[in-house]
Amino acid sequence: MRLGVLDVGSNTVHLLVVDAHPGARPLPAHSHKAELRLAQLLDDDGAIGPDGVDRLIGVVHEALQAAEDKGVEELLPFATSAVREASNADDVLARVQTETGAQLQVLTGAEEARLTFLAARRWFGWSAGKLLVLDIGGGSLEIAYGIDEDPDAAVSLPLGAGRLTSAWLPDDPPATEDIRALRRHVRAEIARTVGEFSRFGAPDHVVATSKTFRQLARISGAARSADGLYVQRELKRQSLEAWVPRLAGMTTEERAELPGVSDGRAGQLVAGALVAEAAMDLFGVETLEICPWALREGIILRRLDHMGSD
């Protein structure tokens, strides 16, 4: 059947259409994406303002039309941290459902981490052993660890690249003292969780998902996305540590000229790099591998599992 996943994230609203059936690898058929930056549209009270809700509804309408045009039989719409943490989340969800018909499932941070872990486990398989999975989104950082398909530990921290950029790095390029303050904040937040994972022992394989990690790997010399899903892409901590001060000294426009860095993500790449560097350092990771599957694929895989057991 043809499944669609509508991901209302902190940076983008992304429709992924796949051809899938239980026991088979989902094959991408279509992708429709719109940058919305919900994480940066929150007002002083933490609410998504009327303009932001109107824009969200418009983008959801477009995605639903694209899903219909592509023959999607079942749509799985969900929202992550930007909607989850908005002070007017219930009102936003009600308006979206009333005006578009889409009933967004709001995932908890732990659910995000667990579903992303499931996707990574299926991609790398059982031979990867104990996995540590890192994912930097626009609103949050997800960390999960385990040897099975359901992780032994999974946490979500409010360390998304978009959120941190809005709150901590107002200047372009960012001020040195702001970089230092953000670095301290990020490391203190991550350090609180390290003990929860270290009691399980060292992972056999460390993987990362998300656009932020892919872009950091690309500027560090990894293969282009055009080279295909099955090319191994790695990010080394030593290389990342060398790039962090370089990125911090660039303007958004200069970062956007780097290989693999999009205009829409260039502004938040410094914050994302600080989170990635801190996570790799505090978890003792020298090298990680980029996983092309993430949360959307996890949603699809879980749905296929349920179909197979019906």
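In what order do the five strands of the open sheet run, and is their pairing mixed? The close-ups below start there, and all of them show a predicted model.

**View 1. An open, five-stranded sheet.** The strand order is β3-β2-β1-β4-β5, and the pairing is mixed. At the edges sit β3 and β5 (105–106), each of them pairing on one side only. Zoom in on β1 (residues 2–8) and you'll find it antiparallel to β2, with seven bridges between the two. To pick out one rung of that ladder, look for G4, whose bridge partner in β2 is V17.

**View 2. Strand β9 and its parallel neighbours.** β9 covers residues 205–209, and four of those five residues are buried. It runs parallel to β6, with five bridges joining the pair. One spot to check here is D135, which stands opposite T209 of β9. β9 also runs parallel to β11 (residues 287–290), this time through two bridges. On that side, V207 has E289 of β11 as its bridge partner.

**View 3. Helix α7 and the turn-off at its end.** Which residues of α7 are buried? They are T212, F213, Q215, L216, A217 and I219. Just after the helix comes G221, with a positive phi of about 115°. Keep α7 in mind for the next view, since five of its residues help line the largest pocket.

**View 4. The largest pocket.** Its volume comes out at about 1,200 Å³. The lining takes in 49 residues, and S210, K211, R214, P292 and R296 are the ones nearest the centre. If you're wondering which elements to display, β2 (12–19), β3 (27–35), α4 (109–124), β6 (131–136), α7 (211–219) and α12 (295–309) each put at least two residues into the wall. Of these, α7 gives the most, with five. Chemically, the lining splits into 18 nonpolar, 18 polar and 13 charged residues.

**View 5. The second largest pocket.** This one has a volume of about 160 Å³. Around it you'll see S10, A39, Q40, L42, S81, A82, E85, G139, R163, S166 and A167. Two elements, α2 (81–84) and α5 (161–168), contribute two or more residues each to this lining. The largest share, three residues, belongs to α5. Sorted by class, the lining holds four nonpolar, five polar and two charged residues.

**View 6. T100 in helix α3.** The helix covers residues 89–100, and T100 is part of it. Is T100 buried or exposed? It counts as buried, because its relative accessibility is 15% and the cut-off for buried is under 20%. Two polar contacts of its side chain are worth drawing. A polar atom of that side chain lies 2.5 Å from the backbone oxygen of V96. The side chain of T100 also reaches the backbone nitrogen of A102, at 3.0 Å. Leaving aside residues up to four places away in sequence, T100 touches I57, V60, H61 and L64.

How values were computed. Residues are numbered from 1 along each chain as its sequence is written. This is a predicted model: local features need pLDDT of at least 70, side-chain atom pairs count only at pLDDT 80 or more; totals for chains, interfaces and linings use all residues. Side-chain values use heavy atoms; hydrogens and water are left out. On a 1 Å grid over the protein atoms alone, a cavity is a set of points where a 1.4 Å probe fits but cannot get out, and a pocket is an open set with protein on both sides within 12 Å along at least five of seven lines; lining residues have an atom within 4 Å of a point. Grid points are joined across faces, edges and corners, and a volume is the space filled by probe spheres set on the points. Helices (H or I, at least four residues) and strands (E, at least two) are DSSP runs, numbered from the N terminus. Ala, Val, Leu, Ile, Met, Phe, Trp, Tyr, Cys and Pro count as nonpolar, Asp, Glu, Lys and Arg as charged, and the others, Gly among them, as polar. Buried means under 20% relative accessible area, exposed over 50%, partly exposed in between (1.4 Å probe, protein chains only). A polar contact is a pair of N or O atoms within 3.5 Å; within protein, one must be able to donate a hydrogen and the other to accept it, and residues adjacent in sequence count only if both atoms are side-chain atoms. Contact means heavy atoms within 4.5 Å. Two strands pair if DSSP finds at least two bridges between them.
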